[in-house]
Amino acid sequence: EAAAPKLGNVTILATGGTIAGTGASSTTTIGYTAATVGVERLIQAVPELAKVANVTGEQVFQIASENMSNEHWLTLAKRVNVLLAQSNVDGIVITHGTDTLEETAYFLDLVVKSKKPVVLVGAMRPSTALSADGPLNLYNAVLLAASADAVGKGVLVAMNDQIHAARDVSKTNTSTPDSFKTTELGMLGYIQGNKPYFYHVSSRKHTTDTEFDISNLQSLPQVDIVYGYANMGPAALNAFIAAGAKGIIHAGVGDGSLAHKVVPSLSAARKQGTVIVRASRVGQGIVARNGEANDDELDFVAADTLNPQKARILLMLALTKTGNSKEIQRMFYTY
Ligand SMILES: NC(=O)C[C@H](N)C(=O)O
């Protein structure tokens, strides 16, 4: 008799979110309570997990992801690195609220020091809802984390039968189960019939190829985001600078344009040492260096295709190494 194939060991790190949420009735899909179901119950709800991996669970936090903080990220990333350094862990799944899932995924993509799979997963509907999407999403995520095909691909997001790269995926709809998309750069593949299928890889550096090390960090530099709009003035920007921001992401209109009224404050902040990154509120496309502003003259950085919330993450990590805007620009074209 042939021996059964050896299953990989996957640790599920639970952080809360709607995947662990409960509502008043089976038709409650808004106004439910996130982060109420513990990791053991999440695992018990999907007995099929035992067919694809030896699963163990750990409750790291129990929060709605709108409350995710830099400190949570450091705690989570350190735990991931400790676990992945163990020979008895083959992959990690992180259950997470969807609101900031793309941010946590990109943070980990830049600081995890392993080629082993790390897969983030969430749900758009609470666990008590009709057609809850959490159980199948979790099954797919565990299957992916246990798969040799996922090794070395960077941190992945598994939602709605699709595989996305952490850098490029976004939540694109407030409530539908197909919310997670890599709209223009393209998702990496699908999960179908108990198998992952990959078609693309991300060309940017990640995980073992990055220069960032959070192992001795207790906090991250303050970086805030100012949103661009018609009639924008410098009030919010000035408040962030006064509150001690070491970096500002300017989520500008269009391809990262700067309104005349905000340039003096941005420029003065740069001269005091704050790093200014020009991103865009549009959601797709490039913000090019020396495009809509003379970045060389202003000593600013262009965000390339990173959305503002992901540009914030890269800038925080960049600032742990340097305040030099040319060096930081190199990082924005590397990661
Ligand atoms: N669908 C969700 O998970 C949303 C929830 N507010 C969260 O991010 O925790």
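Which residues does Leu-74 touch, not counting residues up to four places away in sequence? In this predicted model, Leu-74 lies in helix 3, which comprises residues 70-84, and the residues that Leu-74 touches beyond that sequence window are Ile-214 and Leu-217. Leu-74 is partly exposed, since 18 other C-beta atoms are found within 10 Å, a count below the 20 required for a residue to be classed as buried. Between Leu-74 and Lys-205, which are 131 residues apart in sequence, the C-alpha to C-alpha distance is 20 Å.

The chain as a whole contains ten helices and 14 strands. For 335 residues, a compact globule would be expected to have a radius of gyration near 20 Å, and the value of 20 Å computed for the chain agrees with this. Along the principal axes, the C-alpha atoms fill a box of roughly 75 × 45 × 35 Å. Of the 335 residues, 47% count as buried, and among contacts between residues at least 6 apart in sequence, 72% join residues at least 24 apart.

Two domain annotations are taken from the unreviewed UniProt entry. The annotation "L-asparaginase N-terminal" covers residues 9-200, a span that is 25% helix and 25% strand and whose end C-alpha atoms are 26 Å apart. The annotation "Asparaginase/glutaminase C-terminal" is listed for residues 222-332; here the content is 37% helix and 17% strand, with the end C-alpha atoms lying 18 Å apart.

The ligand is surrounded by Gly-17, Thr-18, Ala-34, Ala-64, Ser-65, Glu-66, Gly-97, Thr-98, Asp-99, Gly-122 and Met-124, and by class this shell has three nonpolar, six polar and two charged residues. The unreviewed UniProt entry annotates Ser-65, Thr-98 and Asp-99 as "binding site". Although these residues span 35 residues in sequence, no two of their C-alpha atoms are more than 6.8 Å apart, so they gather at one spot. Ser-65 is placed in the loop between strand 2 (53-63) and helix 3 and is buried, with 22 other C-beta atoms within 10 Å. Leaving aside neighbours within four places in sequence, Ser-65 is in contact with residues including Gly-16, Gly-17, His-96, Thr-98 and Asp-99. Asp-99, in turn, is found in the loop between strand 3 (91-95) and helix 4 (101-111) and is partly exposed, with 18 other C-beta atoms within 10 Å. Beyond residues up to four places away in sequence, Asp-99 touches Ser-65, Glu-66 and Lys-171.

Further along the chain, four strands form an open sheet in the order 11-12-13-14, with parallel pairing; strand 11 and strand 14 (301-302) are the edge strands, each pairing on one side only. Strand 11 (residues 223-227) pairs with strand 12 in the parallel sense over five bridges, and within this arrangement Ile-225 stands opposite Ile-249 in strand 12. Strand 12 is joined by six bridges to strand 13 (residues 275-280), the two running parallel, and Gly-252 stands opposite Ser-280 in strand 13. Six of the six residues of strand 12 (residues 247-252) are buried, so this strand is largely enclosed by the rest of the structure. In a regular strand the side chains alternate between the two faces of the sheet. Both faces of strand 12 are covered, with Gly-247, Ile-249 and Ala-251 buried on one side and Ile-248, His-250 and Gly-252 buried on the other.

Terms used
Residues are numbered from 1 along each chain as its sequence is written. This is a predicted model: local features need pLDDT of at least 70, side-chain atom pairs count only at pLDDT 80 or more; totals for chains, interfaces and linings use all residues. The radius of gyration is taken over C-alpha atoms; the globule rule is 2.2 Å times the number of residues to the power 0.38. A residue is buried if 20 or more other C-beta atoms lie within 10 Å of its own, exposed if 12 or fewer, and partly exposed in between; C-beta atoms are placed from the backbone. Two residues are in contact if their C-beta atoms, placed from the backbone, lie within 7 Å. UniProt positions are given in the numbering used here, feature names are shortened, and annotations may be inferred rather than shown by experiment. A residue is near a molecule or strand if its C-beta atom, placed from the backbone, lies within 6 Å of it. Ala, Val, Leu, Ile, Met, Phe, Trp, Tyr, Cys and Pro count as nonpolar, Asp, Glu, Lys and Arg as charged, and the others, Gly among them, as polar. Two strands pair if DSSP finds at least two bridges between them.
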